[in-house]
Amino acid sequence: MTLRLGDTAPDFEQDSSIGRIKFHDWAGDSWVVLFSHPADFTPVCTTELGLTAKLKPEFDQRNVKAIALSVDPADSHKEWIKDIEETQKTVVGFPIIADADKKVATLYDMIHPEQSATATVRSVFLIDPAKKIRLQLTYPMSTGRNFDEILRVIDALQLTDKHTVATPGNWKDGDDVIIPLTVQDPEVIKQKYPKGFTAPKPYLRLTPQPNK
């Protein structure tokens, strides 16, 4: 199954480290970071889940829930969580989906045969409260994810959803933003961007970031 940006994230019901989960019901009105791991008790994955646990305050203030996945069973996840908490000095406050039958991995195309015929690659799906897929990232098995980038994209999407702006390359929260080319009416520009803008080129108009 090929998923694209803007598609509805497939719903599913699956076991997890906290019991049975109906995905859309569990997500509720939150944004969701759904991310997969090749296997339990692997070193890169252990550091990633530790980082995710430590980012809970950052996710909470952005109305984001995290949920992980691997093809190992729930009992294995529960034992692995003990290792994560011990080695990463944190508390894992989010569920890990037990996808032993690979139902979710298949729905989200998380198994890439040239990497592994059985284990999931490091996929990331950012899903908004309307259950639409807003970001997809795929990392190789040997490379841990950059969670600063995931937070940066969440900030950018939440800002651009609220205001008619776009974000430039390497944008960080607080930086100038771009007035889209779809906005041309001078009166609308004055109303929407009261702080004014600079235009190094007619098509490139930079304005201070609006308040969230």
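In what order do the five strands of the open sheet lie? I looked this up before anything else, and the order is β5-β4-β3-β6-β7, with mixed pairing. My note on terms: strands (E, at least two residues) and helices (H or I, at least four) are DSSP runs numbered from the N terminus, and two strands pair if DSSP finds at least two bridges between them.

A reminder to myself: this is a predicted model, where local features need pLDDT of at least 70 and side-chain atom pairs count only at pLDDT 80 or more, while totals for chains, interfaces and linings use all residues. Residues are numbered from 1 along each chain as its sequence is written, and side-chain values use heavy atoms, with hydrogens and water left out.

Next, I checked the sheet's edges. They are β5 (96–98) and β7 (133–139), each pairing on one side only.

I then followed β6 (residues 122–127), which pairs with β7 in the antiparallel sense over six bridges. Within that pairing, V124 has L137 in β7 as its bridge partner.

On to the active site. UniProt, in an unreviewed entry, lists C45 for "active site"; such annotations may be inferred rather than shown by experiment, and the position is in the numbering used here, with the feature name shortened. I found C45 in helix α2 (residues 43–54).

Is C45 buried or exposed? It counts as buried because its relative accessibility is 0% (buried is under 20% relative accessible area, exposed over 50%, partly exposed in between, with a 1.4 Å probe and protein chains only).

Last, I listed its contacts (heavy atoms within 4.5 Å). Leaving aside neighbours within four places in sequence, C45 touches H37, P38, A39, W80 and R122.
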